[in-house]
Amino acid sequence: MSSHGAPVPMLSRKCGPLTGEAHVPGDKSISHRALILGAMAVGETRVTGLLEGQDVLDTAKAMRAFGAQVEKRGDTWYVQGVGVGGFAEPEAVIDCGNAGTGVRLIMGAMATSPITATFTGDASLRKRPMGRVTDPLALFGARAFGRSGGRLPMTIVGAADPMPVRYTVPVPSAQVKSAVLLAGLNAPGQTVVIEKEATRDHTERMLAGFGAEISTEVTDEGRVITLTGRPELVPQVIDVPRDPSSAAFPVCAALIVPGSDVLVPNIGLNPTRAGLFETLREMGADLTYENLREEGGEPAADLRARFSPNLRGVEVPPERAASMIDEYPVLSVVAAFAKGATVMRGVKELRVKESDRIAAMADGLRAAGVAVEDGPDWWIVEGLGHGAVPGGAVAVSHLDHRIAMSFLVMGMASEAPMQVDDGGPIATSFPIFEGLMARLGAEIERI
Ligand code: S3P
């Protein structure tokens, strides 16, 4: 089932070369944060390039429920913030749909205000662990009442008299780190978050942009992030960069479809997000960065991906996992078209995403004739090489946009077409995927 309607079965088949430009939508992580921090600033934040996927639209709706005004006029989103500590108590349950980022960041943002809010989500989100966020929020004084296993629906009673915390994030998770930082905004004094492995740092960068006092120090303990509470956040004008995680799909498709040459302009290459592209280059991909530049303090480039007939399997360094965590599904598809094994270790977090992504990909790849071995925090895809991937299977997307898009990419180059049972979730992060891929030359249909 898609999150908001009947399932949308889809199919993709072998196609001619993919060519042209792929203008992918705005970054999902940055879009959520722009709305949430905009809502916590005093005055009007303006956002262009916002991802208008369902996940982000659900966050916009949630910010309205907490009292901020959020509206779109022309191409710009306007957010009238209520200030740190200014959230109103929502009148109804907050439904974050499919969005783990949305719900976890918003829980953090409200947990240090004297209000109560109840959160829910779709069948995928209701299975995902929230204890990783509510544990540190309890240290601030917030209380959480949810289903067994720390699942949604869940009510958070915000702390009336919050305390600042010092917290070491036990799993590599930017969502947990960000929830703690957002909670720290309305706590007096300094909140310190320590992460052993670097995860995406958009919250830190954006908080600094909104005028918060925040610093990151790299020590033997890891990255120590210190935030001074109760700042007045100054509204910003934000142009959201395009999403490297969405760019991954046309890039990977171009690498495996013979004759392809695709340009994906203006992609942010923040090192905490760009691990996939490095890995693809190690596999022998013809992937180049054109017009490499700095934009808004972040490296950005136009990516050019060309068909790469001689891809080879690699061992992905586990320490790179966080910088490409959402890209393993589509990497495993490219790995099937490479010669030899691709080994992915240190990826336990993949089991608690929108779906268990190791299981979902392994099942579909095996059904399509590709051997996969997997364990709790690792998996190995035995590449068959170009022109040798059978395909011809129905993959189950488990309400997971990236699983659906990965198998549709696979079908563009496998011998027989690939079907997915439900492409509906693609709208959460990449609503223009079908049209964009079709314009490049892909043959995708709804069946
Ligand atoms: C995100 C963090 C990652 C990622 C998700 C977006 C974010 O999740 O998988 O798509 O915007 O902070 P985790 O924090 O669970 O690793």
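Let's start with helix H5, and with which of its residues are buried. They are Ala 174, Gln 175, Val 176, Lys 177, Ser 178, Ala 179, Val 180, Leu 181, Leu 182, Ala 183 and Gly 184. Put as a count, 11 of the 11 residues of H5 are buried, so this helix is mostly covered, with buried meaning under 20% relative accessible area. Please keep in mind that we are looking at a predicted model.

Now look at the N-terminal end of H5. Which residue caps it? That is Ser 173, with a side-chain oxygen 3.3 Å from the backbone nitrogen of Gln 175.

Hold on to Gln 175, please, as we turn to the ligand. A polar backbone atom of Gln 175 is 2.8 Å from an oxygen atom of the ligand. Two side chains have contacts to show you as well. In Arg 33, a side-chain N or O atom is 2.7 Å from a ligand oxygen. In Lys 353, a polar side-chain atom also has a ligand oxygen at 2.7 Å. How much of the ligand does the protein bury? On its own the ligand exposes 380 Å², and the protein buries 95% of that.

Where does the ligand sit? You will find it in the second largest pocket. Two elements give two or more residues each to the shell around it: helix H1, which spans 28–40, and our friend helix H5, which spans 174–184. H1 gives the most, with 3 residues.

If you want to click through the surroundings yourself, go along the chain. You will meet Lys 28, Ser 29 and Arg 33, then Thr 101. Next come Pro 172, Ser 173, Ala 174 and Gln 175, followed by Arg 200. Ile 325, Asp 326 and Lys 353 complete the set around the ligand. Notice that Ser 173, the cap of H5, is one of these residues around the ligand.

Last topic: cysteines. A disulfide is a covalent bond between the sulfur atoms of two cysteines. How many disulfides does the model have? The count is 0. Take Cys 15, whose nearest cysteine sulfur belongs to Cys 252 and is 14 Å away. A disulfide needs the two sulfurs within 2.5 Å, so Cys 15 is in none. Seen from the other side, Cys 252 has the sulfur of Cys 15 as its nearest, again 14 Å away, and is in no disulfide either.

And are these two buried or exposed? Cys 15 is buried, with a relative accessible area of 12%. Cys 252 is buried too, at 0%.

Terms used. Residues are numbered from 1 along each chain as its sequence is written. This is a predicted model: local features need pLDDT of at least 70, side-chain atom pairs count only at pLDDT 80 or more; totals for chains, interfaces and linings use all residues. Side-chain values use heavy atoms; hydrogens and water are left out. Buried means under 20% relative accessible area, exposed over 50%, partly exposed in between (1.4 Å probe, protein chains only). A residue is near a molecule or strand if one of its heavy atoms lies within 4 Å of it. A polar contact is a pair of N or O atoms within 3.5 Å; within protein, one must be able to donate a hydrogen and the other to accept it, and residues adjacent in sequence count only if both atoms are side-chain atoms. Accessible areas come from the Shrake-Rupley method with a 1.4 Å probe; for residues, only the protein chains shown count as cover. On a 1 Å grid over the protein atoms alone, a cavity is a set of points where a 1.4 Å probe fits but cannot get out, and a pocket is an open set with protein on both sides within 12 Å along at least five of seven lines; lining residues have an atom within 4 Å of a point. A molecule sits in a cavity or pocket if more than half of its atoms lie within 2 Å of its grid points. Helices (H or I, at least four residues) and strands (E, at least two) are DSSP runs, numbered from the N terminus.
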